[in-house]
Amino acid sequence: MTSCFDKIKGGFAMGGALGLGVGSFLAPIASWRAGLRGRPLLRNTAQQMLTFGIQTCEYVNAVCLGILFGMFLAVGTGIRCEAQSQQSLEQHKKVAPSSTP
């Protein structure tokens, strides 16, 4: 049985991969809508996807989307895991009779 920490790590990895995929899809669309074509489109898309800093999260950035969505999925997984562990603990208490006479 996997621990809650392993599930949280898996949720972060899954969310990060999904966020990077969405960011990789949206970055060229944002550059295209800004009027860039050809080499400037590719250069701006690569810059938006790969740069990371304080100012860059204002734009469609694949790294920022990956980190943010990964964090959201990790927190949600942690909450769900905690609820499931409490529920299984309550069921265990109901099933196991007390041995005191």
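Phe 69 lies in helix H3 of this predicted model. With a relative accessible area of 32%, Phe 69 is partly exposed; because the nonpolar patches considered here admit residues with over 30% relative accessible area, this value of 32% leaves Phe 69 eligible for one. Indeed, Phe 69 helps to make a nonpolar surface patch of about 760 Å². The other residues of this patch are Leu 18, Val 22, Phe 25, Leu 26, Ile 29, Leu 68 and Phe 72. Two elements give two or more residues each to the patch, namely helix H1, which spans 4-33, and helix H3, which spans 62-95. Helix H1 provides the largest share, with 5 residues. Although Phe 25, Phe 69 and Phe 72 all belong to the patch, the structure holds 0 aromatic pairs.

It helps to set this patch within the chain as a whole. The protein chain contains 3 helices and 0 strands, and its elements follow the order α-α-α from the N terminus on. Of the 101 residues in the protein chain, 20% are buried. The chain exposes about 7700 Å², and carbon and sulfur atoms supply 67% of that area. Contacts across the sequence are also worth a look: among those between residues at least 6 apart, 61% join residues at least 24 apart.

Helix H1 offers some good examples of how parts of the chain that are distant in sequence are placed in space. Gly 23 lies in helix H1 and has a relative accessibility of 0%, so Gly 23 counts as buried. Gly 23 and Met 49 are 26 residues apart in sequence, and their C-alpha atoms are 7.0 Å apart in space. The next residue to consider is Ser 24, which also lies in helix H1. Whereas Gly 23 is buried, Ser 24 is partly exposed, at a relative accessible area of 31%. Once neighbours within four places in sequence are left aside, Ser 24 is in contact with Met 49 and Ala 62. Met 49 thus appears twice in this account, as a contact of Ser 24 and as the residue whose C-alpha lies 7.0 Å from that of Gly 23. Ser 24 can also be compared in position with Val 63: these residues are 39 apart along the chain, and a distance of 9.1 Å separates their C-alpha atoms.

Charged side chains come next. Side chains of opposite charge can pair when their charged atoms come close. The count for this structure comes to 1 salt bridge. In it, the side chains of Lys 9 and Asp 6 meet at 3.5 Å, N to O; because the cut-off for a salt bridge is 4 Å, the separation of 3.5 Å qualifies. Both Lys 9 and Asp 6 lie in helix H1, where they are 3 residues apart, about one turn of the helix. Both partners are also partly exposed: Lys 9 has a relative accessible area of 45%, and the value for Asp 6 is 39%.

A further arrangement involves a charge and a ring. Arg 37 lies over the face of Trp 32, at 3.7 Å from the ring centre.

Definitions and conventions: Residues numbered from 1 in each chain as written. Predicted model: local features only at pLDDT ≥ 70, side-chain atom pairs only at ≥ 80, totals over all residues. Heavy atoms only, no water. Helix = DSSP H or I, 4+ residues; strand = E, 2+ residues; numbered from the N terminus. Buried < 20%, exposed > 50% of the residue type's maximum accessible area, 1.4 Å probe, protein only. Contact = heavy atoms within 4.5 Å. Areas by Shrake-Rupley, 256 points an atom, 1.4 Å probe, with all protein chains shown as cover. Phe/Tyr/Trp six-rings, centres within 6.5 Å; stacked < 30°, edge-to-face > 60°. Lys NZ or Arg CZ within 6 Å of the ring centre and 35° of its normal. Patch = residues over 30% accessible without salt bridge, like charges linked within 9 Å, V, L, I, M, F, W, Y side chains within 5 Å.
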